[in-house]
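Let's take a walk through this protein chain together. Have a look at the picture first, and then we'll start from one strand and work outwards.

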Amino acid sequence: MRKNLQLGVVAVGAVLGMSVAGSVSAAPVYANNASPGDTYTNASTTNQGQAVGASGWYYNNVRNNGSVGINTSNPRSGNGSAAMSGTVGPGGNSSKADIEYLSGGVASGGNYFASTSMGSFSSFSGMSYDWYRDSTSTANANQVPALRILLDLDGNLSTTGDRGGLVFERVYNGGTFPTDSWQSDTVTSSTYLWNFGLGIGSAANINSTPYAYDATLAEWQAYAPNAVILGFSAGIGSGWGPFSGAVDNISWTIDGQTTTSNFEVQGGAVPEPATLLLVGLSLAGLAVSRRLHA
Ligand SMILES: [Ca+2]
Ligand SMILES: [Ca+2]
Ligand SMILES: [Ca+2]
């Protein structure tokens, strides 16, 4: 009996070891609500947002019946992801919904904006994310959650007319659009990005080719040597049809430091490492107790 219990302790320890080794550097970002998590929505035509705890992440730019929330509807790397859905809202306007990491995020009119810099654009070396398109979506087949880096073009935070961002979409970089399966994309110096805002109009053509959507990250960095990073964003909508999907494991590298956000829900079916540890400790305690009384 004692030997069986001790073997049980060893088995729990082995599971703990495997769990730590497999979690790499992804930090969990938890939903505001316990399982099944959050669904933030806004029926009006005005962008609205909500903070995700004190994580620096925000459900943002949500309008026209768009919704976004960390919940358990599409589990990824644990029990959760950031689900996103949209349809057609008031006046026939398409929904929009983003999840955004904003440096020094501040509210204005119910939506959120960055107020500080995360570092120079020149120190940025790439980003990646996982995305999911549910097969119930009827939006164009190549419309899947986009990944964006948010910038201030001249690096002067007191001038805001040059704020905007660069957008990654698989449709401009080649690739297929499977449904009901998680997909991963990585942005490197040679990946094509297009811009919104930045004081130069959307989809500006900043290189020598006639097409506007083929400027690489390296070309953008040469074009905007003084730009600073305001945050990161993933989202859907604005001109889309009905869509349902999700994103997870949003990652970026600044000054060689990689930060990954794994969207998760507390109180779900997947045991936390702390819970496993308690189970292990109580089993160990039981084993010691049995030994003392043997
Ligand atoms: Ca997750
Ligand atoms: Ca500026
Ligand atoms: Ca071009």
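Why can β17 be called largely enclosed by the rest of the structure? Count its residues: 10 of the 10 in β17 are buried, so the strand is largely enclosed by what surrounds it. Keep in mind as you read that this is a predicted model.

So who sits beside β17? One neighbour is strand β7, residues 96–102, which pairs with β17 in the antiparallel sense over 7 bridges. Another is strand β12, residues 146–152, also antiparallel to β17 and joined to it by 7 bridges. If you'd like a landmark, try glycine 231 in β17: leucine 102 has glycine 231 as its bridge partner, and leucine 150 stands opposite glycine 231 too. There is also a short stretch to find, strand β10 at residues 119–120, which runs antiparallel to β17 and is joined to it by 2 bridges. Here serine 120 has valine 228 of β17 as its bridge partner.

Now for the nonpolar core. The largest one in the model has 62 residues, and the members touching the most others are Val68, Ala82, Leu151, Leu193 and Val247. Our strand turns up again here: β17, spanning residues 228–237, supplies the largest share of this core, with 6 residues.

Pick out Leu193 from that group and see what lies around it. Setting aside neighbours within four places in sequence, leucine 193 is in contact with Leu166, Val167, Phe168, Ala215, Leu217 and Trp220. Step one residue along to tryptophan 194, which belongs to strand β15, residues 192–197. Is tryptophan 194 buried or exposed? It has 22 C-beta neighbours inside 10 Å, so tryptophan 194 counts as buried. Leaving out residues up to four places away in sequence, tryptophan 194 touches Val167, Tyr172, Ala203, Ala212 and Tyr213. You can also trace a link across the chain: tryptophan 194 and arginine 148 are 46 residues apart, yet their C-alpha atoms are separated by 9.4 Å.

For a contrast, head over to alanine 222 in helix α2, residues 217–223. Alanine 222 has 13 C-beta neighbours inside 10 Å, and therefore counts as partly exposed. In sequence, alanine 222 and serine 122 are 100 residues apart, but from C-alpha to C-alpha they are 8.4 Å apart in space.

There's a hairpin to look for as well. Strands β3, residues 48–51, and β4, residues 57–63, pair in the antiparallel sense over 3 bridges. Alanine 51 stands opposite tyrosine 58 of β4. The hairpin has 5 residues between β3 and β4, and glycine 53 in the turn has a positive phi of about 55°.

Now step back to the whole chain. There are 3 helices and 19 strands, and 38% of the 294 residues count as buried. Of the contacts with a separation of 6 or more, 71% are between residues 24 or more positions apart.

How far can you trust the details? The chain averages a pLDDT of 87, and 82% of the residues score at least 70. Two stretches call for care, though. Over residues 1–24 pLDDT stays under 50, and the model has 25 contacts beyond four places in sequence for them. Over residues 270–294 pLDDT also stays under 50, with 28 such contacts in the model. Where pLDDT is low, the predicted coordinates should not be read in detail.

Notes: Residues numbered from 1 in each chain as written. Chains lettered and ligands numbered in written order. Predicted model: local features only at pLDDT ≥ 70, side-chain atom pairs only at ≥ 80, totals over all residues. Core = buried A, V, L, I, M, F, W, Y, C linked by C-beta atoms within 7 Å. Buried ≥ 20, exposed ≤ 12 C-beta atoms within 10 Å, placed from the backbone. Helix = DSSP H or I, 4+ residues; strand = E, 2+ residues; numbered from the N terminus. Contact = placed C-beta atoms within 7 Å. pLDDT = per-residue confidence, 0-100. Pairing = 2+ DSSP bridges.
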